[in-house]
Each structure stands twice: as structure tokens, then as C-alpha cells.
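Please open the model in your viewer and keep the selection tool handy. We will go from stop to stop, and at each one you will hear what to pick and what to look for.

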Amino acid sequence: MNRKKLKILLSLFAFNSISLYLFFSSSDHHHKLLPGNHKPSPENLKTPPGNHPRFPISPRAKPWPILPSYLPWSLNANVALRSCEGYFGNGFTRRIDLRRSSVDKKLRVSGGGGWFRCWYSGTLRSSVCDGGRVRMTPERILMSVGGEKLEDVIGRKEDDELPKFEAGAFEVDAGEGFGDQRKLVDVEFLNRYVPEGAISRHTMRALLDSIRLVGSSEFKCDQWIEEPTLLVTRFEYANLFHTVTDWYSAYVASRVTGLPTRPHLVFVDGHCRAPIEETWKALFSSLKYAKNFSGSVCFRHAVLSPLGYETALFKGLSENINCHGAFAHDLWQNPDDLKTARLSEFGEMIRAAFGFPVGRHRIPKPGSGHNILFVRREDYLAHPRHGGKVESRLSNEQEVFDALKNWASNYLECKINLVNGLFAHMPMKEQVRAIQDASVIIGAHGAGLTHIISARPETVILEIISSHFRRPHFALISQWKGLEYHAINLDGSYADPRVVLDQLNNIVKGLGC
């Protein structure tokens, strides 16, 4: 009797396995989109916050995490100029097809040749561009190799690390029977859709200018990358604020082009390795420097990420971006051109990339109390041209920290844990952990405070601002995320510990202590 039951169970198992195989091998989810013709489905347009469109997952590419603040990135031609969605979301509403792939109309599959297009944002005055069957020849990119140890390249000039593109550094397969080589874009196109603005060296513009169209007979590849790949050139790569603008630009480019999984990443620059690289690797599927490839490399789908200088995070320092943070669920029900949840979405993306929980609110452990994180400025060697000394923004930082430590140990209303944020000597993952666990974040004006982009919605920010460094970076990020923000404006660089403690006492009382 037992043997008979076993045979029945094995038969059912075999039947189910065959059924599942037939389902997945024939499912429409495995039909590939035609290159260059990605269109959002009606289902994606109706995706509520926190729910993501489903795509087939490549075993080599990381899936997009589920983010509570996620809202659809589908193309919407009705996004208002200079609205919050225009600045922080998908304001890239004008599509310019520079090269369409040929398509076999009978079989509905991509024919010979590649494709290339750009998506232009009138709000940001910049473009996200992507293409298929794109070849990169590293020998035609003049720059240092990149990815070296910092100690091995001390004194190297920044100019040596930034790319200079020879003609044909990048090429697009123009198909069979294509004649002589010619440029993909002209100066008129570049001036209209990739303007230099105030950027003295616009490397994305130079990369586009280098692209040549070549016939399929000339389009030979030493290696192929089959999955979507982001091409990124970094400026001020060792500075956290500027790096966050690069992260955000890369994230937006990935979403605007509808990538089904997190893309691979190629640095088209020759900078050496830096601790910040840990977050690049966490956010995306893989990382490689352009000059680390041997021979030509062809991309089935390449995406050009705009410079960090072209994001709202940077532009907001010089132009008025009147946006305020809001919950995605509220915006889903009541869209508002003056509100955004995009920075909250991105902050959740950073936390999720490191494997941290991304719920809206911190769930404290019983008796754990409140973490007060004091972000410190320390001496460290940042890049080959750096002397290792960090300019002080708070002349009595240690005195302030000691006063906070004494106050926390004697505070009786609730448990207070003062966290010494020595970020310069902490792995990036631990820095993000400290930010997400903090109820209050205090610090002098400095790049380390840019981490507040990953803070939870209920986190309170207290910035101590020297009269020599009165810039709006962190007040703006707080506003755009919807964080409670306070500032202590100093006359000079000395902070009276009593003033700091008075502010902190009021903040902590607001937390219910």
C-alpha cells in the first residue's frame, strides 16, 4: 500500500514539474521587448505605490527591491515643467530617436543593426540616452586605467583621470549595407538636448560627440555584455555629496529607460578606488572600469547616465526648487506638483541595497531608547591630490561631543544613546546603518550629512553651521524628503555647547521623552 502511494506521489510530482516547465517556457513574460521600442504597459501605469511591475529575472542581475515609496516611472507626457516630478522623477518626456533598429514585421523580432535614442527633460535641461548594439573601444578613450589603490597613484592629476574621447570611441551598428562612417549626432543636437550650461567639461556630451555609425561588417566585438549596462563618468568622486548626485542620476536613468533589473555599471573615468565604491557595488549588479576591459566590448543595451551636476540635488543650490517631501501613498491618491516622494524612494533604495529593512518607520526594540548620531569630521586621505587634512567646520567639535556625551548619560526621561559618527573610518554599510537607526542626526555642515537622504521619515536633523560655510545643501534635502530640520547658525566656527544642548532638549521632548 505504501509503495502504491509513493508511486502516485512521484507521478504527481513529475506531472507538476512538466506543467511548470511548459508554462514558464511558453509564458509571455519571457518574450523579449524589441530594442528601442520599450513601452509601459497599461498595468504598469496603474501600479500603486510600493508595487513594482514584474519582469523576468536574469540570474546575473540583481532584481529591484520592493520599496514602500516607489511610484511608477512610466512615461507621462503631462508632467508639468518645473514640477517636483519634473525635477526628481520622470520629467524626461521628450523622446528623440536618433537611430531605429530594423524590424522583421512578419516575425516581430529585431532585425540587423542597433538603435539609439535620448529622453530630454525641459526641467533639468539634460538628457538620458540609451542604445542597443553599442561598441566601446577603450584604446580610443584617453585617461588613466582607474581602479588602482590610492597609495599607488599619489600625486596623479585629475585631468589624467577624466576621459578624452577620440572619434569612434563608441560606435553603433548601423546594419547591413551601411556606407561610410558618420557621426550619430551633430552640434545642433548637442546644443539643444545636451547643453553644456555652466559645466566646463561635459563628458557625456563629449561621449555622444564621439559616437560613430558603422556598418555591420565593421562591427566586430571581442566580448559582449548581454544585460543592460550604465556608463557613468564621475566628478569629485571622493566627496559624498557629489557622489550621491551621481548615484541618484544613475538610479533615475535606470528607471527612465525601464530597465527590468538593476543594471551593470561601467565607470568611464580613470579614478582610483575609494571607500564610496562599496555603495556603487551594492546599488547595481556589477562594477568595472572601462580601461579594465581588454579589446572592444559591445553592449546589447547601454545607458548613458547624466552628470551629477545635472540633478535637482545639485541644481537646487543655485535655483529655487520649491518642493516638499510627502508620502507616496498620499501622492498616489492626490498628485501634487509641489510635493515629491522620490528622495524617500531613493533613500529606501540605498538601505535595501545593503539589506536593511525599508519600512516607513523605525520599530525600536524594547528598552533600546533613541540614538542621537553625531556626524564627525576627521582627517583622512580622500584622493591622489588630497593632503589628508580635512578643513574644520566646527572648531570645538570635541568639546561639543563631550558635552553631548555627559548630557546623554544623565538624561532621565528616556534612554539616550549617543553614537560617535566617525564616518571617515567606517565601511559605507555601517554608515548607512547608523543613519537608519538614528532618531536625531547632528553635525557640522559637511559632506557626511548627505547621508540624511537615507534617513527614516521621523528622523530629526540638527545642523551646526559655521558662518564660513552657510550653504543650503542639507536644509534642502530635509525639505525635499519631508524631514524635520533645525539649524544653529554660528558667528564664526565656535558652537556654545549650552546652545546645542538647549536645541537638543527641545527636539528630544518632541520625540516623547
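Start by selecting Cys-118 and Cys-129: in this predicted model, the two are joined by a disulfide with an S to S distance of 2.0 Å. Cys-118 belongs to strand S4 (residues 115–121) and Cys-129 to strand S5 (residues 126–132), 11 residues apart. Turn the view until you look along the S-S bond; the torsion there is 105°, and the link of Cys-118 and Cys-129 is right-handed. Are these cysteines buried or exposed? Cys-118 counts as buried because its relative accessibility is 0%, where the cut-off for buried is under 20%. Cys-129 is buried as well, with a relative accessible area of 0%.

**The loops beside these strands**

Now pick Arg-125, which sits in the loop between S4 and S5. Check its backbone: phi is near 55°, a positive value in a residue other than glycine. That is worth a pause because most residues other than glycine have a negative phi. With 36% relative accessibility, Arg-125 counts as partly exposed.

Move along to Arg-133, in the loop between S5 and strand S6 (134–136). Arg-133 has a positive phi of about 55° and is not a glycine. Its relative accessible area is 24%, so Arg-133 is partly exposed.

**A link across a long stretch of sequence**

Next, select Cys-84 and Cys-323. Their sulfur atoms lie 2.1 Å apart and form a disulfide. Where in the chain do Cys-84 and Cys-323 sit? Cys-84 is in helix H3 (residues 84–88), while Cys-323 is in the loop between helix H9 (312–315) and strand S18 (324–325); the pair links distant parts of the chain, 239 residues apart. Why is this disulfide left-handed? The torsion about the S-S bond of Cys-84 and Cys-323 is about -115°, and so the disulfide is left-handed. Colour by accessibility if you like: Cys-84 and Cys-323 are buried.

**Cys-221 and Cys-298**

For another disulfide, show the side chains of Cys-221 and Cys-298, which are joined with an S to S distance of 1.9 Å. Cys-221 is found in the loop between strand S11 (212–214) and strand S12 (223–225), and Cys-298 is in strand S16 (residues 297–299), so the disulfide ties together parts 77 residues apart in sequence. The S-S torsion is -80°, and the link of Cys-221 and Cys-298 is left-handed. The two ends differ in accessibility: Cys-221 is partly exposed, with a relative accessible area of 24%, whereas Cys-298 is buried at 0%.

How many disulfides does the model have? The count comes to 4. With the bonded cysteines counted along the chain, the pattern of the disulfides is 1-6, 2-3, 4-5, 7-8. You can also click on Cys-272, which counts as buried at 1% relative accessibility.

**The sheet that holds S16**

Switch to a cartoon view and find the open sheet of 6 strands, with the order S10-S11-S9-S6-S16-S12 and mixed pairing. Strand S10 (182–183) and S12 stand at the edges, and each has a single partner strand, so one side of each has no neighbour in the sheet. Zoom in on S12 and S16: these strands run parallel and are joined by 3 bridges. To see one pairing up close, select Gln-223, whose bridge partner in S16 is Val-297.

**A histidine and its partner**

Then go to His-370, in strand S20 (residues 370–375). With a relative accessible area of 18%, His-370 is buried. Show its side chain together with that of Ser-439, and you will find a polar contact of 2.8 Å joining the two.

**Last stop: helix H14**

Finally, select helix H14 (residues 473–481). Of its 9 residues, 7 are buried, so the helix is largely enclosed by the rest of the structure. Which residues of H14 are buried? They are His-473, Phe-474, Leu-476, Ile-477, Ser-478, Trp-480 and Lys-481. Step just past the helix to Gly-482, where phi is positive, about 80°.

Key:
Residues numbered from 1 in each chain as written. Predicted model: local features only at pLDDT ≥ 70, side-chain atom pairs only at ≥ 80, totals over all residues. Heavy atoms only, no water. Disulfide = S-S within 2.5 Å. Helix = DSSP H or I, 4+ residues; strand = E, 2+ residues; numbered from the N terminus. Buried < 20%, exposed > 50% of the residue type's maximum accessible area, 1.4 Å probe, protein only. Polar contact = N/O pair within 3.5 Å; in protein donor to acceptor, adjacent residues only side chain to side chain. Pairing = 2+ DSSP bridges.
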